[in-house]
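Visitor: I'd like a quick tour of this protein, please. Could we take it one question at a time?

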Amino acid sequence: MSIEVENLSKVYGEQIALNNISFKINKGEIVGFLGPNGAGKSTMMKILTTYIDATEGLAKVNDCDVKSDALNVQKQVGYLPEHNPLYLEMYVREYLNFNAGVYKVSKERIEDVIELTGLTPESHKKIGQLSKGYRQRVGLANALLHNPDVLILDEPTTGLDPNQLVDIRQLIKSLGKDKTVFLSTHIMQEVEAICDRVIIINKGKIVADKKLKDLKADQVQIIEVEFDYRVEDVLLNKLKHVSLVSNTHDFTYELTFSTKEDMRSVVFDFAHDNGLKILQLNQKNMNLESLFRELTSN
Ligand code: ADP
Ligand code: MG
């Protein structure tokens, strides 16, 4: 198991940042840790990387306990902290050399990492001269220096422009081919672009933990239908799988169904059986973004 968290809580004074969290991540998975600001993502990542202690519970990386075996945990994880703190006055290669000294890694490995993260054309520059996208690459290169098994990336794409975003996502995805990646984000699209699985956290609690393909299958479907005459809500509420009926205007209704099954023909049959004509019908699938909002709004 790459990451194992059991009944973990973190309290800062009065603030409960993590509330009895448990999850496991298998070797090789790319898992998105999704949640709104203040959900507890960074706190979880700081605990996993041994920067702070949990108040209660257990956390392990590659079977090493973060508390009792912190040094071994540090050897196995590469961490890109939120806001990626870098020394702007240092040159890229100089900075990586400096950190390589801490980890005792070879000069060759530094060159490999520069190449791997696409830094070669910028490696002679000062970090302060780099674009945000390239600074993120430096942060990633730094996290990769000691060739860790597990990468923990805290909002690696926040603040990037759309092109940089695509580049960094691609890089993370390719790194994920031979590493376990646990990355936080507040963007559902990002999870869709990179991850196999998503753990959604809200106010310190896990509200969903699913494979992306299952999450897509779980989706609800919304049918907007305009009839030629008024219909009683009670009748529409009797339709199978219907979870919500709302009369959006005049004779137009928005019907929410909790099923994958295509409900359009059911709505047509309903109209027919009730002597109604359908003037318009639209089917919308609720996307992952709206699902995220549903799970994390309160
Ligand atoms: P996220 O990374 O998901 O935005 P954080 O883990 O940073 O969330 O924060 C979770 C909660 O813990 C927030 O309410 C935040 O204000 C609080 N928090 C984080 N760090 C501290 C701290 N050092 N002292 C007090 N409260 C903190
Ligand atoms: Mg954070």
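**A walk through the chain**

Guide: Sure! Keep in mind that this is a predicted model. The protein chain has eleven helices and 14 strands.

Visitor: Is the chain a compact globule or more spread out, going by its radius of gyration?

Guide: For 298 residues, the globule rule gives 19 Å. The radius of gyration here is 24 Å, well over that value, so compared with a compact globule the chain is more spread out. The C-alpha trace spans about 80 × 45 × 30 Å along its principal axes. So, going by the radius of gyration, the answer is: more spread out.

Visitor: What share of the residues counts as buried?

Guide: To count as buried, a residue needs a relative accessible area under 20%. Out of 298 residues in the protein chain, the share that passes is 48%.

Visitor: And what part of the exposed area comes from carbon and sulfur atoms?

Guide: The protein chain exposes about 15,100 Å². Carbon and sulfur atoms supply 48% of that area.

Visitor: Let's talk rings. How many aromatic pairs are there?

Guide: Two rings pair if their centres lie within 6.5 Å. For this structure, the number of aromatic pairs is nine.

Visitor: What kind of pair do Tyr 87 and Phe 98 make?

Guide: Their ring centres are 6.1 Å apart, and the planes meet at 85 degrees. Planes over 60 degrees apart count as edge-to-face. Tyr 87 sits in the loop between β6 (77-80) and α3 (92-103), while Phe 98 is in helix α3, eleven residues apart. With that angle, the pair is edge-to-face.

Visitor: Which kind is the pair of Tyr 229 and Phe 251?

Guide: Here the centres are 6.0 Å apart and the planes are at 40 degrees. Under 30 would be stacked and over 60 edge-to-face. That angle fits neither, so this pair is tilted.

Visitor: How many residues apart in sequence are the parts it ties together?

Guide: Tyr 229 lies in the loop between β11 (221-227) and α9 (233-236). Phe 251 lies in the loop between β12 (242-249) and β13 (252-257). So the pair ties together parts whose separation in sequence is 22 residues.

Visitor: Is Tyr 229 buried or exposed?

Guide: Anything over 50% relative accessible area counts as exposed. Tyr 229 is at 56%, whereas its partner Phe 251, at 28%, is partly exposed. So Tyr 229 is exposed.

Visitor: Last one: which residue has its charged end over the ring of Tyr 134?

Guide: A charge within 6 Å of the ring centre can count, if its direction fits too. The charged end in question is 5.1 Å from the centre of the Tyr 134 ring, and it belongs to Arg 137.

Conventions: Residues are numbered from 1 along each chain as its sequence is written. Chains are lettered from A and ligands numbered from 1 in the order in which they are written. This is a predicted model: local features need pLDDT of at least 70, side-chain atom pairs count only at pLDDT 80 or more; totals for chains, interfaces and linings use all residues. Side-chain values use heavy atoms; hydrogens and water are left out. Helices (H or I, at least four residues) and strands (E, at least two) are DSSP runs, numbered from the N terminus. Buried means under 20% relative accessible area, exposed over 50%, partly exposed in between (1.4 Å probe, protein chains only). A charge sits over a ring if NZ of Lys or CZ of Arg is within 6 Å of the ring centre and within 35 degrees of the ring normal. The radius of gyration is taken over C-alpha atoms; the globule rule is 2.2 Å times the number of residues to the power 0.38. Accessible areas come from the Shrake-Rupley method with a 1.4 Å probe; for residues, only the protein chains shown count as cover.
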